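Colleague: I am new to reading protein models and would love a close look at one part. Could you take me through a sheet and what lies across it?

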Amino acid sequence: MADLEFANQAEASSAAVPHIALSPEAEAQFETITRNLQESTSTEIIRKVLSDGEVVRAYWAHIAYCVPLLKIADFLTAGVHLKILLADLHAFLDASKSTLETLQWRVKYYSHLLKAVFTVLGVPLDKLEFVTGTSYQLTPEYTMDMYRFHALTTTKAAEHAGADVVKESESPLMSSLLYPGLQALDEHYLDVHFQFGGADQRKIFMYAAHFLPRMGYAKRAHLMNPMVPGLSGGKMSSSDPKSKIDFLDSPAEVKAKLKAAVCTPGQVEGNGVLAFVKAVLIPVQQLREEQARGRGEVRAARGDGTGSFVRPDAPDGTIFSIGRPEKFGGDIHFSSYQQLEDAYAKEEIHPGDLKGGVTDALVLLLEPIRKMFDADPEWQEAESKGYPNQSVGAAHGAKPAGAKAEAKKGEPKVKAPKGSNKPPTEEERATLRLKKEQEKLAKAQAKLAADNLTPGEVQARSAEAATIVPKVPNGGPSSAAVAVVQTRMPKLKLVAKGKVRDIYELPGEPDKLLFVATDRISAFDVIMENGIPRKGITLTTLSSFWFWKLQHVIPNHVLVPSVPPSSPTLPAGLTDPASSWSEFPRSLDEYRDQLEGRSMIVRKCEVVKVEAIVRGYITGSAWAEYKKSKTVHGIPMPDGLVESQKLPNPIFTPSTKAEQGEHDENIHPDKVKDICGAEVAAEVERAAIRLYSEAAEYALARGLILADTKFEFGLLPTPNGGKQLILIDEVLTPDSSRYWSADVYKSGQPQPSFDKQYLRDWLISNNLRAKDGVTLPQDVVDETKRKYEEAKDRVIGLGEFGVHGKKGVQGGDEVVLQTDQVTDAIEHEAKKL
């Protein structure tokens with residue numbers, strides 16, 4: 001339709017306008033006004049105003065986020081007369097449920113807030129003007145123009161103009177269709193030369209540029225800021241508190257939001273943390289540097305009390321610093337955003353370090369704003385009455401003006417507001433992860449069905465997929481053709497959900513937990529859309545084998561399937577996982593399809609907050625550290641080692657168990673006693689070294705090199721009041737260990753592994769590293785599955801591999817044994833004679 005072509009027409013009408021020359025001073029003003037934008041249109045209007053020596057006038061109305069404020073600071077620095085429209089009537093029309101009275105309080109809140117922000121940034125306020133929408137939008141002249149404007153357009157054109165900003169609806173309210181037209185008319189009634197907004201405002205801007213001249217009014221320029229992704233990975237949204245930083249966030253809230261932010265290692269695109277550095281933090285520091293140079297100073301002040309994002313000892317030219325412990329290379333400094341982005345893309349910066357640096361900078365930036373709020377009762381009252389369900393004062397214990405100290409006796413307690421910034425519990429996180437996975441599965445099912453089903457059938461399939469759990473034939477563990485990527489057991493309480501395992505409480509069993517190993521697989525901290533069939537069974541079988549094989553070294557947490565005494569004969573549960581189902585409570589029978597062969601019932605215990613890593617070969621992060629400092633976890637190592645070389649003796653190289661999204665910090669063994677006490681630390685090291693040594697010797701006899709592995713330990717109370725160390729979690733699986741084939745091992749180079757390295761290589765070669773939504777092709781699924789199962793079979797002696805890593809023959813009916821195992825069993829019995 002012709003009336004939907006207004007965007008192209010508006011652009012075309014400005015294409016032929018000749019360039020307007022400016023004086024150096026005016027050119028500098030123009031450069032400041034138009035820098036760091038995603039797009040601008042009709043900027044010759046701004047150049048014409050500057051060439052005439054007039055003051056440029058602009059308006060801005062969308063004030064919910066930090067990101068645009070740095071561009072506003074540019075405008076004020078360049079001498080623009082900026083009118084901030086506190087759009088109370090617009091907000092009321094935009095499908096909002098807020099009353100006009102509430103919106104009036106929000107107008108007062110934002111007037112206080114913006115003055116405080118610009119004061120902190122050191123920006124002049126003499127050309128800053130606040131205008132409320134109802135001060136002119138209810139006049140007879142404006143009302144008549146509203147009728148005139150909408151007599152020129154159509155409902156389709158209005159809906160198109162607001163498509164990216166007005167709340168979407170199959171049957172939109174008329175008020176939402178008026179919204180874009182009112183925003184267009186505001187340009188004339190505010191008497192400005194340009195309007196500023198995000199790139200999502202583009203259709204409204206072009207709508208205005210097309211229709212205002214048809215009413216006899218001047219066309220305006222439009223400047224558009226880039227859209228910055230939210231911290232939670234999607235679009236920054238006021239409806240998702242964790243997607244954005246609020247001006248009044250406390251240090252604890254800033255830390256919690258950054259900690260939970262999506263920040264995939266090496267991934268730049270869609271990274272909200274990096275985008276925030278680019279759009280807010282570095283421009284703030286650049287503004288400070290420009291202000292310092294304007295005062296005749298060499299550089300902006302640094303150090304305590306300055307608010308600078310640059311460390312005092314940083315080299316000249318630094319624009320942003322990230323603090324790091326010396327063991328991770330010390331502080332790192334950047335002279336530009338591009339330098340920071342390049343380093344992150346090369347994974348020279350850990351996501352935890354980036355988040356830490358951004359957290360520190362944000363706390364410095366927001367602290368003076370928060371102090372001004374705390375000292376201003378009028379601002380507090382406006383905030384509490386403008387946002388009664390999200391009041392910062394209420395969330396932090398402050399009493400808004402006029403508030404009573406306590407609720408009256410008998411009044412119900414008020415629940416925490418929906419928009420609360422309190423970090424979610426682990427249970428809430430698990431629920432959110434489950435919901436996300438169900439949504440993904442629903443989309444995948446609908447997509448697969450789309451070619452063969454009617455629209456009605458596709459809709460029904462999509463709805464059903466949200467609750468679907470893969471089913472397998474009764475009487476046997478999950479089939480080889482179906483990957484169990486999620487579990488759904490409504491009668492059990494899900495207490496934790498990791499990348500692979502789901503953990504449930506058992507009703508009436510407060511001292512026990514149900515561990516379920518799914519077929520999910522992740523790489524580069526991203527879980528793939530589809531899983532690896534039977535991977536969870538493979539991991540559970542391997543762990544069960546090692547718990548059984550190494551029980552003489554240390555007790556473990558496994559209760560079901562029961563771990564029989566050590567013997568040369570494999571337990572039946574390792575060769576036939578289905579045979580162990582009779583040991584599980586009958587209350588779990590309805591979930592057998594999800595549990596059989598891939599689950600354990602374990603003791604609850606106190607987890608030792610240490611990752612007990614043991615290394616027999618120098619590889620991975622140990623090799624990277626050695627190349628830099630001739631140490632591994634701070635332990636001095638001999639000169640002349642080469643990559644993948646066997647160490648003279650296994651070494652204990654622990655790390656801390658960090659919160660999700662942060663470092664598992666590598667530490668010197670001496671630091672373990674500071675975490676769990678000297679006695680437990682010594683016992684953990686002794687047990688870990690012995691477990692590794694026995695497992696490595698056993699694996700080598702089967703043609704496998706156990707290069708390194710990670711153990712986890714727990715503490716159980718004893719009858720005499722003490723604590724007993726036990727082995728927990730998974731043990732010596734390809735997910736927790738590095739297995740190499742002894743046949744192809746060669747020191748001095750990287751080694752092929754029986755783990756996810758094949759998957760990682762495929763992702764990198766297909767430019768899918770750290771990308772969400774990846775569905776693995778069948779050949780990659782099959783090869784990954786083969787590598788996991790080969791590691792299991794070679795360790796345990798199943799399938800085509802005998803005890804010594806040879807292809808053998810299965811023998812016996814009651815217990816499946818390899819030929820080599822039969823020989824060992826006979827020799828074992830002979831020794832008893």
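Modeller: Let's begin with Lys-493, whose bridge partner is Glu-505 in strand 10. This model is predicted, so please read everything here as computed. Strand 10 covers residues 501-506 and is joined to strand 9 by 4 bridges, the two strands running antiparallel. As a general point, strands of a sheet pair through backbone hydrogen bonds, either parallel or antiparallel.

Now step back to the whole sheet. It is open, has 5 strands with antiparallel pairing, and follows the order 9-10-11-15-14. At its edges are strand 9 (493-497) and strand 14 (558-560), each of which pairs on one side only. From one strand to the next, the twist averages 35°.

What lies across strand 11, strand 14 and strand 15? That is helix 19, which runs at about 45° to strand 15 (599-603); strand 11 spans 509-517.

Helix 19 also leads us to an aromatic pair. The ring centres of Phe-545 and Tyr-698 are 5.6 Å apart and their planes are at 45°, so the pair counts as tilted. Phe-545 sits in helix 19 (residues 535-549) and Tyr-698 in helix 24 (residues 678-700), so this pair ties together parts that are 153 residues apart in sequence. Are these two residues buried or exposed? Phe-545 is buried, with a relative accessible area of 0%, and Tyr-698 counts as buried too, at 13%.

Tyr-698 has one further neighbour to look for: Arg-702 lies over the face of its ring, 3.3 Å from the ring centre.

Notes: Residues are numbered from 1 along each chain as its sequence is written. This is a predicted model: local features need pLDDT of at least 70, side-chain atom pairs count only at pLDDT 80 or more; totals for chains, interfaces and linings use all residues. Side-chain values use heavy atoms; hydrogens and water are left out. Rings of Phe, Tyr and Trp (its six-membered ring) pair if their centres lie within 6.5 Å; planes under 30 degrees apart count as stacked, over 60 as edge-to-face and the rest as tilted. Buried means under 20% relative accessible area, exposed over 50%, partly exposed in between (1.4 Å probe, protein chains only). A charge sits over a ring if NZ of Lys or CZ of Arg is within 6 Å of the ring centre and within 35 degrees of the ring normal. Two strands pair if DSSP finds at least two bridges between them. Axes are lines fitted to C-alpha atoms, for helices over the stretch in contact, and angles run from 0 to 180 degrees between N-to-C directions. Contact means heavy atoms within 4.5 Å.
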